[in-house]
Amino acid sequence: MAASLDEDFESNNQDYYSLLNVRKEATLEELKASYRRLCMLYHPDKHRDPELKSQAEQLFNQVHQAYEVLSDAHSRAIYDIFGKKGLEVEGWEVVERKRTPAEIREEYERLQREREERRLQQRTNPKGTISVGVDATDLFDRYDEDFEEIPGGGFPHIEINKMHISQSIEAPLTNSDTAVLSGSLSTHNGNGGGNINMTVRRVTSAKGWGEVELGAGDILGPLVGLKVFRNLTPRCFLTAQCGLQFSPRGLRPSCSLMTARHLDQNTMGYLQWRWGPNSSMTTSVVRDTKRSHFTLALQLGVPHSYLMMSYQYKFQDEDQTKVKGSVKTGWFGTVVEYGAERKISRHSVLSATVSIGVPQGVTLKIKLARASQTYLFPVHLTDQLLPSAVFYATVGPLLVYMAIHRLVVIPYTQQQKEQDLELQRKSSATDIAKKKLEAESAVLLMQESVRRIIEAEESKMGLIILNAWYGKFVSDTSQKQEKAKVIDVTVPLQCLVKDSKLILTEASKAGLPGFYDPCVGEEKSLKLLYQFRGVMHQVISADNESLRIPKQSHRIESES
């Protein structure tokens, strides 16, 4: 039942706070003041015309219903959690009149936990990786004389020399136990193999968990492993892992121990020890902030020891663009990497990295992450450090991305957005038409009150709303074909003026008396031109932004 309420919240909920123009934290006194003001405006006895009287009754009943709900602590708690739908449910334990608002919220949280448990039982959380290695060294390292006698030898030979596929799924067994089944297949230059693993993880407490792993494969043989995680303090945790590999050469035990500590709010320090076929000791410092990510790591081990430093800068744009660079040097040589990452759709992230190393050569790595699936395309260009390979690896992906983004991605996302908006408009067309009629009726009922308010404000050179528009404004000259979608809300706003002040709360203004949504699903704003003490003022406010006028900053200078 709780699930259905949450799903219908947006489509079936009327914002009572916006209707009364009060804050969500409004006191009973604030509710009473707003209620009395609107009752004086909409009371049916003030109108003799039968049509106006009928319209006033409808609006008066809406205001009265909103006040009844918000002025009662029990009903208000239910409304804040479930919206209007929650108030319409009868016989449900959550609406018991003896319960306090705190108990109602606790009941809601309990139902939410049960709902999450049901979702958990249905979730498998699949994750997968597909990696396709491409050998393109013939583009830069070929010898032309070797191909003169071969038909078709004038074309570079590009081949796929390795591939790796892995997949895993989760199966929640209980609230604290989860089974994970994973497998992988790999091939390299004609030779390949695979393995399958089964892991059972148990959450022992809020401070730790443990897991047992069983695996089998045709290369390394069966595997038995154990892993434990534990929070030692609020700022420090420990991970211990041991395993036993049954290989054709005999038993191969391994063990690792890692401890980590929060050095400050954004910085973590790690210390890891490994024993086994690749024994090593590694220490690293990782600093992650809103704008950057920095890593410094040092490893001493057999056979590999290295020093690595990487830095990533995060642009604060809509596409979550990131640029990164790293340098890694050790016994195996030196590798320098640089690249960029960008979100190309709601669930997809594309990145490209150029790796330049001695003696590895130059490699271009393309990565596409879509939801929980990852696709990797490492393209090995040359075994030597050739400037031409570095240039094409850097410029080529950038030009291809710009072309695809402009010719494919942007038109596709715009089309999807337009289709979603059109569906939303169709589904809400009836409700919007009803809201429009109610708004027009409210404006008619406000006329007499607005006339008296204007006379009172003019007598003391107070606040006069000259023009007010609400909706979507089109200011970009490149979108001349798009029309502005706005409605005139001068009368409703003037009606809210009291003592030469207009105060709008932090909520969508579509719920205010005399308002409705002229462009469903699109960004809206409120534009006002008003006069205060004989001086012109102008302001544009976002839909969900609170507004208080008059203000000195809204003043229009006389020379303009």
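A residue counts as buried under 20% relative accessible area, as exposed over 50%, and as partly exposed in between. This scale is applied below to aromatic residues of a predicted model.

Aromatic contacts were examined across the whole structure. The search finds seven aromatic pairs. Tyr313 and Phe315 make up one of them. Their ring centres are 5.0 Å apart. The planes meet at 85°, and the pair is edge-to-face. Phe315 has a relative accessible area of 38%, so this residue is partly exposed. Tyr313 has a value of 27% and is therefore partly exposed as well.

Phe391 and Tyr392 form another edge-to-face pair. Here the centre-to-centre distance is 5.4 Å, with 75° between the planes. Phe391 has a relative accessibility of 49%, so this residue is classed as partly exposed. Tyr392 reaches 52% and therefore counts as exposed. The cut-off of 50% falls between the two values, which means that the two partners receive separate labels. Phe391 and Tyr392 also belong to an aromatic cluster, in which Phe140 is the third member.

Charged side chains also sit over aromatic rings. The charged end of Lys328 is placed over the ring of Tyr306, at 4.3 Å from the ring centre. Arg201 lies over the face of Trp209. In that case the distance to the ring centre is 5.6 Å.

Enclosed space was examined next. Rolling a probe the size of a water molecule over the atoms shows where empty space is left. The whole structure holds two cavities of 30 Å³ or more.

The largest cavity has a volume of about 50 Å³. Its lining consists of Arg37, Leu38, Leu41, Met446, Pro492, Cys495, Leu496 and Pro513. Two elements, helix H4 (28-42) and helix H11 (490-495), each give two or more residues to this lining. The most come from H4, which supplies three. By class, seven of the lining residues are nonpolar, one is charged and none is polar. Arg37 is the charged one, because Arg counts as charged.

The second largest cavity contains about 30 Å³ of space. Ser18, Asn21, Leu504, Thr505, Ala507, Ser508, Lys509 and Leu512 line this cavity. Four of these residues are polar, three are nonpolar and one is charged. The charged residue is Lys509, because Lys falls in the charged class.

How values were computed
Residues numbered from 1 in each chain as written. Predicted model: local features only at pLDDT ≥ 70, side-chain atom pairs only at ≥ 80, totals over all residues. Heavy atoms only, no water. 1 Å grid on protein atoms, 1.4 Å probe; cavity = no way out; pocket = protein on both sides within 12 Å on 5 of 7 lines; lining within 4 Å. Points joined across faces, edges and corners; volume = space filled by probe spheres on them. Helix = DSSP H or I, 4+ residues; strand = E, 2+ residues; numbered from the N terminus. Phe/Tyr/Trp six-rings, centres within 6.5 Å; stacked < 30°, edge-to-face > 60°. Buried < 20%, exposed > 50% of the residue type's maximum accessible area, 1.4 Å probe, protein only. Lys NZ or Arg CZ within 6 Å of the ring centre and 35° of its normal.
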